[in-house]
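The exercises below ask for a close reading of a single chain, with the sequence and the model open side by side. Please attempt each task before turning to its solution.

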Amino acid sequence: MEQPKGVDWTVVILTCQYKDSVQVFQRELEVRQKREQIPAGTLLLAVEDPEKRVGSGGATLNALLVAAEHLSARAGFTVVTSDVLHSAWILILHMGRDFPFDDCGRAFTCLSVENPEAPVEALVCNLDCLLDIMTYRLGPGSPPGVWVCSTDMLLSVPVNPGISWDSFRGARVIALPGSLAYARNHGVYLTDPQGLVLDIYYQGTEAEIQRCVRPDGRVPLVSGVVFFSVETAERLLATHVSPPLDACTYLGLDSGARPVQLSLFFDILYCMAENVTREDFLVGRPPELGQGDADVAGYLQSARAQLWRELRDQPLTMAYVSNGSYSYMTSSATEFLHSLARPGAPGAQIVHSQVEGPIHIGAGCMVSGLDIAHSEALHGRELHDLVLQGHHTRLHGSLGHAFTLVGRLDSWERQGAGTYLNVPWSEFFKRTGVRAWDLWDPDTPPAECCLPSARLFPVLHPSRDLGPQDLLWMLDRQEDGGEALRAWRASWRLSWEQLQPCLDRAATLASRRDLFFRQALHKARHVLEARQDLSLRPLIWAAVREGCPGPLLATLDQVAAGAGDPGVAARALACVADVLGCMAEGRGGLRSGPAANPEWMRPFSYLECGDLAAGVEALAQERDKWLSRPALLVRAARHYEGAGQILIRQAVMSAQHFVSTEPVELPGLGQWVVAECPARVDFSGGWSDTPPLAYELGGAVLGLAVRVDGRRPIGARARRIPEPELWLAVGPRQDEMTVKIVCRCLADLRDYCQPHAPGALLKAAFICAGIVHVHSELQLNEQLLRTFGGGFELHTWSELPHGSGLGTSSILAGTALAALQRAAGRVVGTEALIHAVLHLEQVLTTGGGWQDQVGGLMPGIKVGRSQAQLPLKVEVEEVTVPEGFVQKLNDHLLLVYTGKTRLARNLLQDVLRSWYARLPAVVQNAHSLVQQTEECAEAFRQGSLPLLGQCLTSYWEQKKLMAPGCEPLAVRRMMDVLAPHVHGQSLAGAGGGGFLYLLTKEPQQKEALEAVLAKTEGLGNYSIHLVEVDTQGLSLKLLGTEASTCCPFP
């Protein structure tokens, strides 16, 4: 599904608490821009909060100032000007406070979700979900201005939330529904019927919450998202120059101003609520500030007074998204584990870890940040209701690991008696021998003796590395004589609060990325070896854009070299080609192109000989020489696709199992054998017959054998001649040969596998018919004289234009083989001939499927099918139609030559590339092609022209999805003009040009439609042709003897 148009952000800002984290989070934004989650032209800024406790309001003002500064500089100004906001869409994302369950905060907490439609595969963090919501759901349609979004909540918003921006001004909050019970510990909005915000309650009384209840019985929660119009954002920005609000920005603090803590919702927005009076606003305190001394209150009152002056006249409205959801990410482990769990999943989580059993992680547990070595400490233990985390640390410049262990039920709040490891502190002290003085200084007030401030967690041991065992001992009564307690006391320990500034967030994110790519390599191997219809292209893009394609290439090499199935090996090589193409980053030329550079012939020769392992190794050695610039990468990708074609060719060659001939009387010298065939029209299922789809998915195509303007337009004739030579001729008609070739030695046949070489198809026919053995030690004349007493003359013709889409080349190959075999004293059945053409086209290296020869060699209306297996076998079923329906069909079926020559080979390469990439839309479409063939056959059995028209219309849409670009503009114009007159229409074959076939609503419409098209400009040299179902198929006849001339083709 195509991604809807989102907001083209001018600036995206991520605010964070710690200056050491700014570069880390800046890189994370840049990574997401490379993944196309953020528009390419967006300015990305990670901004440190001026002070740790400036609050969400202060962080917003500071971020707005930084954005305006950068945009002003970009625009050439030397001072900050708010004019730059008038054409800007700015998104401010707040990281917020530290989070007990993820070292990188709530924004980078990974969620149990995946986006199968994402162009780049990656871990999905809360930040990614919020970016998607802001860009594609909440943001679209909004005027220029400033969006502010917290990252401390989990949001769900429908695709179209129904927000109107007509006549908007001021600020707008986004509210999502919540229960009355949830609202008791949260913020809610009170609005009038028009959505004007009257008041904002935090932990309101029952009466206040009841006043906010909406008709759906829910209340609108303060949900962390707000939009400021340009006017309101300018007003807010203007406050940064005046004390005390200047202290919310880095400029004020750099000037020595005293920090002030402001709330976005309960300071900045609260003053805009309609029912709030100036007196109540000035004496109030935001909930995030808590209680403090009078001096702080006075300073805050001064800040609020300034906000009131600037913003009071700005309207504050609410957009209520009734079918969305909101959940604040609290410090409750129980709630966090619930939010992580997939429906039906066990109540335990192992994240960002590589563990090795046997281990028992019971209900209510989370294990994070452990590797295999760390997990040994868990052997023999059963964990229940615990959170065990490994942390990357940087202590005085030294990198290290630390571990924390807490109980699921432990409270991170400072009030209350408190617990540790799910038991009261007194019980913990009794069980472990730990004393209060081990954890807190003697002068620490009792209210401050809580879990966040307890020095529980060792970060450095004097003589050894630390591990989970340095905390797990606390779970049991000690029977080691106090050794574990002494080791713990000997370690340098920090509290959770002290640990936060020491966390190495860059190392944490790097380790997660490394673990992701290690599992991605296992996934790639499994997908390929298990033949799963899962696309690896998002994973390939991830590896390339994050700078680590090497391990992926090595894994793909291993899969290809070790594959016992040529289909698996070919797909692995196609994936290598995709990696190389992605590394070129859209530069270096088109992916489709030649693949016969001499430097690649050595690895190709190994593959041709069946030595897959040596071939893959040689390919990798050659690949290393082609990685230096985009043009070489693209050419290398083409050669990997060429290597895959060798394996496809070998798989299709298995069709030879079903090729057999019977000896018959040898025609006399000079006696012509003439083979003639109709063309074919495909009504459904095309592309499913194309290798490798034909034997990996299984194919089904419904085709008609047809005469064009009453003629069977394709044919060949062959005869024996006394001269031990091969005389070849190709022409547009049986009596007009324009290309004439004489082969007197084997060297003259060497270009049989070069499709564009003169007479290549005819040369390949002699080889595939077994008349000539091109690698024999015997000369050509010796072979011919010894077996046949002379040579052969072979003529082929087609009255159809090149690139017609009516299956000409494959049907021509069938007539040539049939005529040659009969001239050589053999007869081949039609079904055997179908497989022989498959073999010939692989020898010729054009590839292609089986539908053309089935459509033209077999008479009438039929369905060809191949199973998802090797050897490749095609079976044909005649479709029985009601009496008289064939004539009715003839009266309503027309061909229109569009005048456009199609380029099927490039279309074929694109389709194979998409199939090997297992793009979801292509895989689904391929299954639909096969399914619709059976529906189309039923429409023929019913004799329903309208149903057949629907099949044709649907079929053309399927073709366009399979091969984008197969519909030229002139053809689209022609189809639009013809649409009112037809039940359905489609370009023949692969599309891109050639013939258009129509099922008209009225019979015998040739002249009428000629008149319609004549009135349409810009259609080019088109022509309309009569078409009728051919009930004969391939015909073979022997003519009288003609003497050959010693000088062929005078």
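Relative accessible area sorts residues into three classes, computed with a 1.4 Å probe on protein chains only: buried means under 20%, exposed means over 50%, and partly exposed lies in between. The model is predicted, so local features need pLDDT of at least 70 and side-chain atom pairs count only at pLDDT 80 or more, while totals for chains, interfaces and linings use all residues. Residues are numbered from 1 along each chain as its sequence is written, and side-chain values use heavy atoms, with hydrogens and water left out.

**Exercise 1. Describe the interface of domain 3 and domain 4, starting from the domain assignment and ending with the classes of the residues on the side of domain 3.**

Step 1. The assignment, which is of the automatic or database kind, divides the chain into domain 1 (11–325), domain 2 (332–503), domain 3 (531–653), domain 4 (658–882) and domain 5 (887–1029). Taken over C-alpha atoms, the centres of domain 3 and domain 4 are 32 Å apart. Their contact, meaning heavy atoms within 4.5 Å, takes seven residues from domain 3 and 11 residues from domain 4.

Step 2. Buried area is the accessible area (1.4 Å probe) that two parts lose on being put together, summed over both. For domain 3 and domain 4 this comes to about 800 Å², of which 73% is on carbon and sulfur atoms. Within domain 3, the residues that lose the most area to domain 4 are Arg-649, Val-652 and Met-653, which together make up 57% of what that side buries.

Step 3. A salt bridge is a side-chain nitrogen of Lys or Arg within 4 Å of a carboxyl oxygen of Asp or Glu, and the rule finds zero of them across the interface of domain 3 and domain 4.

Step 4. Helices (H or I, at least four residues) and strands (E, at least two) are DSSP runs, numbered from the N terminus. Helix H21 (566–583) and helix H24 (630–652) are the elements that give two or more residues to the side of domain 3 that touches domain 4, and H24 supplies the largest share, four residues. By class, that side of domain 3 has five nonpolar, one polar and one charged residues, where Ala, Val, Leu, Ile, Met, Phe, Trp, Tyr, Cys and Pro count as nonpolar, Asp, Glu, Lys and Arg as charged, and the others, Gly among them, as polar.

**Exercise 2. Which parts does the salt bridge of Asp-578 and Arg-537 tie together, and how is H19 placed in the structure?**

Step 1. The closest N and O atoms of Asp-578 and Arg-537 are 3.1 Å apart. Asp-578 belongs to helix H21 and Arg-537 to helix H19 (residues 537–545), so the pair ties together parts that are 41 residues apart in sequence.

Step 2. Asp-578 is buried at 4% relative accessible area, whereas Arg-537, at 21%, counts as partly exposed.

Step 3. Seven of the nine residues of H19 are buried, so this helix is largely enclosed by the rest of the structure. The buried residues are Pro-538, Leu-539, Ile-540, Ala-542, Ala-543, Val-544 and Arg-545, and their cover includes helix H1 (22–34), helix H18 (505–529), helix H20 (549–562) and H21. Just after H19, Gly-547 takes a positive phi of about 75 degrees.

**Exercise 3. Set the remaining salt bridges described here beside the total for the structure.**

Step 1. The structure holds 53 salt bridges. In one of them Lys-625 pairs with Glu-622, with 3.3 Å between the closest N and O atoms; Lys-625 is exposed at 56% relative accessibility, while Glu-622 is buried at 7%.

Step 2. Lys-960 and Glu-967 form another, at 3.4 Å from N to O. Through shared partners, salt bridges also join Arg-27, Glu-28, Arg-32, Arg-35, Asp-128, Arg-513 and Glu-546 into one network.

**Exercise 4. Where in the chain do Pro-244, Pro-358, His-352 and Arg-918 lie, and what is the backbone geometry at each?**

Step 1. Most residues other than glycine have a negative phi, and most peptide bonds are trans.

Step 2. The peptide bond from Pro-243 to Pro-244 is cis, with omega near 0 degrees, and Pro-244 sits in the loop between helix H6 (230–238) and helix H7 (250–254). The bond from Gly-357 to Pro-358 is also cis, with omega near 5 degrees, and Pro-358 is in the loop between strand E12 (348–351) and strand E13 (360–361).

Step 3. His-352, in the loop between E12 and E13, has a positive phi near 50 degrees. Arg-918 has a positive phi near 50 degrees in the loop between helix H32 (904–916) and helix H33 (920–942), and it is buried, with a relative accessible area of 5%.
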